[in-house]
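Biologist: I would like to learn to read a model like this one, feature by feature. Where do we start?

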Amino acid sequence: MDPRNLPVQLANRFRTFSASQKAAVLLGCVGLLAVVFFFNSLVTQYNYAPLFTGLNEEDAGAIVQKLEGMKVRYHLSNAGSTISVPKGDVYKIRANLAASGALPGSGAGFELFDKTKLGITDFEQQVNYQRALQEELRRTIVQVAGVQNARVHLVIPQKTVFVEEQQKPSASVALKLKPLARLTPEQVQGIVSLVCGAVEGITPEGVHVIDMAGNVLSDEIASGGTNHVVMMKGQQDLQRAYERELERRISGVLTKIFGPDKAVAMVSADFDFSQQETVTIIAYGEPAVLSEHTITEQNGTGGAAGVPGTGSNLVPTYPSGTTGGQGFSKEEVTRNYQVGRREEKVIQVPGRLCRLATSVVVDTDLTAANIDRIQNVVAGAIGYDPERGDQIQVASIAFEKTHIEKAEAEMAAIEAKAAKEARTQQIWSIARQGVVGLIAVAMLFIFVRWLANLKPAAPSIQEVIPMKVSAQQPPPVVDERYMQVKSTAEKKPDEVADVLRVWLTEEK
């Protein structure tokens with residue numbers, strides 16, 4: 001049988017069937033297609049993955065409408081709050097929904113102004129601007145680590161020409177955090193700074209940030225305690241990082257000596273984070289003249305001297321034996337000295353190490369000599385300073401490992417169970433697909449066999465009309481063709497019967 005002539009042969013075969021046989025063939029084809037489609041849908045429903053979960057009715061309706069417009073198959077579950085799509089198209093569909101602005105909780109940002117509207121009022125323009133700004137802020141805030149969704153509400157009062165009557169804008173930000181996520185004060189400060197930078201005239205005191213549990217996250221910022229909290233956290237991080245580094249050094253040395261999980265080291269560091277400035281006078285030097293002022297008065301003529309006037313020009317009367325009119329001189333010197341000295345100014349940077357306390361516990365018996373050796377090794381690793389008051393304690397104590405063994409056994413059981421479930425699920429998936437394939441092949445094979453064994457309906461004689469024969473028969477005419485057909489009919493009666501049956505069917 002030539003496969004290229006198979007459609008023609010099947011068509012000819014189908015034309016030889018009766019009406020009931022044709023109906024049976026058509027019903028069998030429809031049933032086969034229905035069975036294949038049913039099993040195909042049964043298999044493909046296990047290949048769906050959630051597109052979005054925890055949706056409200058409004059968001060779910062908008063997404064379903066978009067999916068129907070995109071002609072994408074989907075399944076609804078959990079009372080319509082979960083939408084599932086084929087696994088291979090999850091990210092593609094999510095990207096298409098994001099491009100069309102149909103993501104849950106999303107709205108229109110500044111694309112509201114892409115289409116100009118004639119006759120819009122100033123109030124509508126202000127409302128659209130506020131809506132667009134809220135959506136743009138929301139899109140930025142949801143990018144913060146730990147934030148799953150957000151809503152932003154802005155209160156932007158209308159501008160007035162009177163400065164005293166002008167009200168300050170404010171903002172409220174409601175955050176939906178991811179499971180087990182918490183925002184740090186720095187992240188909250190960043191969100192507040194973002195809103196303050198995007199809205200004109202708003203202050204950090206006018207921004208309120210809350211989570212879905214009703215906790216006000218912006219209280220510390222409003223009270224001015226954020227800088228202090230950040231500073232304290234930085235100091236604690238510095239101290240803990242220093243302690244971990246020393247612990248890592250000690251553990252590395254002890255692991256080489258006793259092996260893994262045989263020794264534990266803990267370091268406690270005491271830092272002084274206060275800032276001090278000290279000025280010390282070291283020595284004094286020789287005094288030096290800083291400035292000098294000299295006044296000199298002199299009179300050698302014996303004439304009038306002093307303040308001009310009548311009283312100063314009168315010649316005084318001297319007692320006998322004295323001589324008047326002698327000259328005089330006067331000199332006044334003022335010197336300022338500077339004593340030289342040498343000073344030393346020391347500014348102590350915050351974070352000075354004041355003391356170290358180290359504890360080492362070893363899971364083995366130690367002698368006094370071994371304890372001394374371990375103390376010396378640890379002292380060299382941490383930079384031991386006895387003048388600073390550092391301490392090193394070494395103890396030999398057996399570790400309790402029951403809980404570790406129990407935890408390891410539980411983890412092994414969980415991993416084995418998970419592996420078994422994954423293997424079982426994989427086997428069931430392969431079995432389902434194999435059963436569907438076998439059923440489809442078996443039904444197709446049975447249908448083809450039934451179609452091949454189906455025989456055309458035999459011609460039926462509706463009425464027998466007797467023919468009258470005259471008494472005198474004409475002499476028979478010998479025809480070579482007739483004799484050949486007769487001979488063939490005698491030799492191959494089955495083939496001749498098939499030919500006659502086909503002729504009768506065509507005439508009918």
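Modeller: With one residue: Gln239 has a relative accessible area of 24%, so it is partly exposed. The cut-offs are under 20% for buried, over 50% for exposed and in between for partly exposed (1.4 Å probe, protein chains only).

Biologist: What kind of model is this, and how are residues numbered?

Modeller: It is a predicted model, in which local features need pLDDT of at least 70 and side-chain atom pairs count only at pLDDT 80 or more, while totals for chains, interfaces and linings use all residues. Numbering runs from 1 along each chain as its sequence is written, and side-chain values use heavy atoms, leaving out hydrogens and water.

Biologist: Which helix holds Gln239, and what does this residue contact?

Modeller: Gln239 is in helix α8, residues 226-258. Helices are DSSP runs of H or I with at least four residues, strands are runs of E with at least two, and numbering starts at the N terminus. Contact means heavy atoms within 4.5 Å. Setting aside neighbours within four places in sequence, Gln239 touches Ala269, Phe271 and Phe273. Gln239 and Ala269 lie 30 residues apart in sequence, yet their C-alpha atoms are 6.8 Å apart.

Biologist: How many helices and strands does the chain have?

Modeller: There are 13 helices and 11 strands. The chain has 508 residues, and 19% of them are buried. Of the contacts with a separation of 6 or more, 71% join residues 24 or more positions apart.

Biologist: How do I check the length of a helix?

Modeller: Expected span is 1.5 Å times one less than the number of residues. Helix α6, residues 185-198, has 14 residues and should therefore span 20 Å; its end C-alpha atoms are 20 Å apart, which agrees.

Biologist: Which residues of α6 are buried?

Modeller: Val188, Ile191, Val192, Val195 and Cys196. Those buried residues fall within an arc of 135° seen down the axis of α6, so they line one face. The arc is taken from the directions from the helix axis to the C-beta atoms. The general idea: an α-helix has 3.6 residues a turn, so residues three or four places apart point the same way.

Biologist: How do I describe two packed helices?

Modeller: By the angle between their axes and the distance between the axes. Here, the axes of α5 (residues 122-141) and α6 come within 11 Å and cross at roughly 150°. Leu133, Leu137, Thr140 and Ile141 of α5 make the contact with Ile191, Leu194 and Ala198 of α6. Axes are lines fitted to C-alpha atoms, for helices over the stretch in contact, with angles from 0 to 180 degrees between N-to-C directions.

Biologist: What does that angle make of α5 and α6?

Modeller: The two helices are therefore roughly antiparallel. Angles under 35 degrees count as roughly parallel, over 145 as roughly antiparallel, 65 to 115 as roughly perpendicular, and the rest as oblique.

Biologist: Now a strand. Are Thr82 and Ser84 buried or exposed?

Modeller: Thr82 is buried, with a relative accessible area of 7%. Ser84 also counts as buried, at 12%. Ser84 is in strand β3, residues 82-86, and so is Thr82. Beyond four places in sequence, Thr82 contacts residues including Pro50, Phe52 and His75. For Ser84, the contacts include Tyr48, Pro50 and His75.

Biologist: And where is Ser359?

Modeller: In strand β10, residues 352-362. Ser359 is partly exposed at 38% relative accessibility. Leaving aside neighbours within four places in sequence, Ser359 contacts Val264, Ala265, Met266 and Gln393.
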